[in-house]
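Dear colleague,

Please find the structure for your review below. My notes on selected features follow it.

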Amino acid sequence: MTQRRAHVFLSAIAVLVLAFLAVVNPLAPASQGRAAEPEKLRIGSDLTYPPYAYLTGDEPSGFDPEFMRALAKEIGRTPEFVDTRFEQLITSLQSGHFDVVASALYITEERAGKVDFIPYFMTGNSIVTSATGTPLTNPAALCGRSVAVIKGADVATKLRGEASDACAKDGKGAIDVRDFTADTEGTQALLAGQVDAQVTDGAVAKSAVDSSNGRLAITSDELLFPVPVGIAVAKGDEALAKELTAGLDQMRANGSYEDLLAKYNLAEPDPAAVTKALGKYAETGGSSAKNSGGFTFDWGYFFSLFAHKDFWTATVTVLALSALAWSISTVLGMVVALGRQSRSRILRGVLGVYVWFFRALPLLVLLIFVYNAPQVIPELRVLIGSPFMAGLIALVLSETAYISEIHRGGLSAVAGGQGEAGRALGIPLGGVQRRIVIPQAFRVALPALGNELVTIIKLTSLVSAISLTEILLVGQRLYTQNFKVLETLLAVGVFYVMIVTVFDQALKLLERRLDVQRRGQRAKLGAATAAIDVIPQPEARVGTPHAGEPVLSVRDERKSYGDTEVLKGIDLDVHRGEVVAIIGPSGSGKTTLIRTLNAMESIDSGDVLFHGEPVGYVRGADGGIKPAPDRALAKTRARVGMVFQQFNLFPHKTVRENVTFAPDYLRPADRAAHAAEADLLLAKVGMEAHADKYPHQLSGGQQQRVAIARALAMDPEVLLFDEPTSALDPELVDEVLRVMTDLAAEGLTMVVVTHEMRFAREVADWVVFMDQGRIVEEGPAAEVFDAPEQDRTRKFLSRVRAAQ
């Protein structure tokens with residue numbers, strides 16, 4: 001094991017050293033990379049830029065591939081094209097991945113500082129607009145309008161700079177320049193009406209117009225910002241530069257050069273324009289005799305980026321977009337997750353398809369589709385006319401699908417008894433979900449939701465595809481001009497790390513605030529220890545006869561789970577003030593019976609009546625049973641309380657809040673009275689000193705006593721107990737039974753499913769013995785226990801007595 005760890009450690013050190021050397025060591029000149037294969041000429045080109053460079057099948061086509069094939073032939077080399085993203089061309093050339101760059105690369109002074117240029121044609125930019133729109137003939141006509149440009153194009157800098165400055169001098173609005181990854185995406189935005197115009201290379205503009213079926217037109221009266229274009233070679237690679245220049249001269253001599261320019265409607269470079277474009281590098285004719293020594297990391301430039309205004313503006317955009325997308329998706333994701341738990345098969349199916357589809361669909365595809373949707377449905381332009389709104393909608397559509405699955409896991413983690421406890425208090429289903437289930441599910445899902453927020457922050461970088469100026473796009477604008485890719489991307493990474501750190505700390509703070517364990521540590525006892533858990537002695541009780549008007553009635557009740565019938569024609573009456581104990585072996589149907597009394601379980605046939613009214617169902621015209629409306633059932637449940645075997649206290653609420661929850665929800669105007677009543681009820685069950693604690697700080701017996709107080713807070717006519725002591729340690733059983741005995745002495749109508757035979761004998765007025773889904777015997781407690789009539793009853797009681 002030690003050797004293995006040492007091996008892993010040394011491997012990690014080796015990787016770090018190699019990474020360090022890749023950053024700080026000068027890279028070998030490109031000519032060294034060619035030495036092994038002198039017969040080839042490796043050409044870097046972005047083959048997504050028609051008509052200059054593109055793929056026809058697998059074959060590079062366009063002006064640059066044709067020109068470079070002719071040039072390679074003149075110098076006796078075999079051309080090999082390397083498809084490379086435009087912004088990576090110069091850095092890849094410096095790294096020796098290819099020998100030259102031929103990709104309509106404009107000559108600028110900044111680029112001339114990194115590579116040597118061989119000028120080979122002249123170009124400029126055209127304005128493209130809708131054929132039916134207002135013709136825009138020059139940069140002044142673009143003031144206050146939105147304009148699509150290709151990301152990293154020199155024209156973007158000029159439109160944002162000198163052209164917008166001229167607009168400001170004339171008192172007009174600046175040009176809204178929007179960057180797109182490719183000219184085709186800018187053209188689509190123009191066709192969709194998302195931008196007013198597109199400014200792009202003249203040859204590219206002509207190609208776009210020719211393929212638009214008359215929908216677009218070039219409206220500029222001349223080429224804007226003419227600029228020479230050059231073949232780039234690595235600094236100091238004079239041998240290759242001379243070789244290419246000689247080949248170009250041979251092409252001029254044999255006429256192939258002029259033929260290619262004429263074919264693509266291009267012109268030879270103007271020497272004066274080349275000199276102006278090269279700036280301070282013009283003295284050497286665009287080349288340098290001394291090798292720059294390869295790549296060095298520009299730390300000064302890197303640190304200067306943190307004072308760059310555009311980066312901080314983009315950071316605010318990312319913060320806003322991430323926060324909105326996460327918040328909206330978190331809410332909608334919960335709606336989808338709840339909908340997938342619906343009883344409606346159609347709703348579950350539709351939402352399932354939604355989650356499947358948007359989880360499968362790449363976000364980049366969705367972004368471009370949403371942004372260009374007004375091309376198909378023009379009315380959508382009001383909603384998604386801006387890149388920010390289109391990006392927000394696409395992110396929400398995608399992330400809602402992912403987050404709904406996180407919420408579904410959170411909902412599954414919430415105990416089913418939590419929802420039942422809320423419904424048993426008379427809270428409608430919507431209130432149960434909103435106030436009980438969702439807060440707990442959200443707390444469970446929060447760590448995963450935090451991870452999804454980090455994912456959303458990083459995904460905002462894709463929104464640059466629809467020209468939203470976010471952090472990565474600002475960086476791309478810079479490094480496509482100066483080609484300081486590593487320095488710029490490192491700064492971009494730092495900005496993203498800062499944003500993630502801010503959100504991460506905010507989520508950790510939220511987690512701490514929602515952490516019930518931390519809240520519980522601050523809970524204080526409300527009285528001295530000696531006063532804790534003092535349960536009043538129960539008063540002597542006078543029995544209630546099994547006669548009079550029934551409060552609850554069961555008639556020929558039947559219930560099945562699949563093919564198993566668990567209730568087989570039950571008949572039972574519960575009278576006001578009566579305590580009915582239901583006993584019997586496990587699996588006899590006792591719990592199912594008591595759960596049907598407040599419609600926690602539905603019935604298949606027969607009747608369950610509260611004051612003569614059906615509980616949880618209505619009869620149809622054909623006599624069939626249909627579920628009762630939720631709110632009507634909630635009103636009945638508020639009058640028929642229930643105490644569960646597993647307590648089912650709400651873990652995110654204090655003891656007092658558990659007791660006041662239902663009264664506050666149903667009667668919010670009387671909150672002060674509810675708090676006072678809660679304190680009285682807690683005193684009644686000996687729990688007033690624990691009012692500010694949380695359920696996890698209580699013993700099982702204490703939790704059950706709080707559950708009894710919570711049920712009593714609704715002032716029910718009948719209180720149902722489903723084996724209230726079966727989950728307790730033996731020493732805690734007595735404290736719960738004392739509370740129940742006290743309630744019986746006060747005349748509360750109670751139905752108790754229990755295995756506590758002593759309680760049933762001493763407190764119950766009427767005892768019901770069940771076995772195999774039927775009532776085998778019932779009668780006064782003394783008769784059933786002392787002189788049972790049925791053999792099955794006698795066997796059960798004898799076994800219970802033997803076990804005791």
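**The disulfide**

Cys143 and Cys167 form a disulfide, with 1.8 Å between their sulfur atoms. Please bear in mind that this is a predicted model. By the distance rule applied, the count comes to one disulfide. The torsion about the S-S bond of Cys143 and Cys167 is about -80 degrees, so the disulfide is left-handed. Cys143 lies in the loop between strand 7 (115–130) and strand 8 (146–150), while Cys167 lies in helix 6 (residues 154–169), so the pair ties together parts that are 24 residues apart in sequence. As to accessibility, Cys143 counts as buried, because its relative accessibility of 13% falls under the 20% limit for that class. Cys167 is also buried, with a relative accessible area of 1%.

**Surface patches**

Two patches on the surface may be of interest to you, one charged and one nonpolar.

A patch of positive charge brings together Arg434, Arg435, Arg631 and Lys635. Helix 19 (429–459) and helix 24 (630–639) are the elements that give two or more residues to this positive patch. Arg435 lies in helix 19, and with a relative accessible area of 32% Arg435 is partly exposed.

The nonpolar surface patch is made by Trp299, Phe303 and Leu490 and covers about 340 Å². Of these residues, Leu490 is found in helix 21 (residues 485–514). Leu490 is partly exposed, its relative accessible area being 37%.

**Backbone features in loops**

The peptide bond from Pro50 to Pro51 is cis, and its omega is near 5 degrees. Pro51 has its place in the loop between strand 2 (48–49) and strand 3 (53–56).

Positive phi values in residues other than glycine are also present, and His611 and Glu723 are two cases. For His611, phi is near 55 degrees. His611 sits in the loop between strand 16 (605–610) and strand 17 (613–614), and at 29% relative accessibility His611 counts as partly exposed.

For Glu723, phi is near 45 degrees. The loop that holds Glu723 runs between strand 21 (718–722) and helix 28 (730–745). Is Glu723 buried or exposed? At 11% relative accessibility, Glu723 counts as buried, because buried means under 20% relative accessible area.

**An exposed glycine**

The last item concerns Gly587, which is in the loop between strand 15 (579–583) and helix 23 (590–596). Gly587 counts as exposed, because its relative accessibility is 78% and the exposed class begins over 50%. Which residue, 183 residues apart from Gly587 along the chain, has its C-alpha atom 9.5 Å from that of Gly587? That residue is Met770.

**Points to look at in the model**

When you open the structure, you may wish to view these places in turn:

- the left-handed disulfide of Cys143 and Cys167;
- the positive patch, with Arg631 and Lys635 among its residues;
- the nonpolar patch, including Trp299 and Phe303;
- the cis peptide bond from Pro50 to Pro51;
- the loop residues His611 and Glu723;
- the C-alpha atoms of Gly587 and Met770, separated by 9.5 Å.

With kind regards

Terms used
Residues numbered from 1 in each chain as written. Predicted model: local features only at pLDDT ≥ 70, side-chain atom pairs only at ≥ 80, totals over all residues. Heavy atoms only, no water. Helix = DSSP H or I, 4+ residues; strand = E, 2+ residues; numbered from the N terminus. Buried < 20%, exposed > 50% of the residue type's maximum accessible area, 1.4 Å probe, protein only. Disulfide = S-S within 2.5 Å. Patch = residues over 30% accessible without salt bridge, like charges linked within 9 Å, V, L, I, M, F, W, Y side chains within 5 Å. Areas by Shrake-Rupley, 256 points an atom, 1.4 Å probe, with all protein chains shown as cover. Salt bridge = Lys/Arg side-chain N within 4 Å of Asp/Glu carboxyl O. Lys, Arg positive; Asp, Glu negative; His and termini not counted. Charge placed at Lys NZ, Arg CZ, Asp CG, Glu CD.
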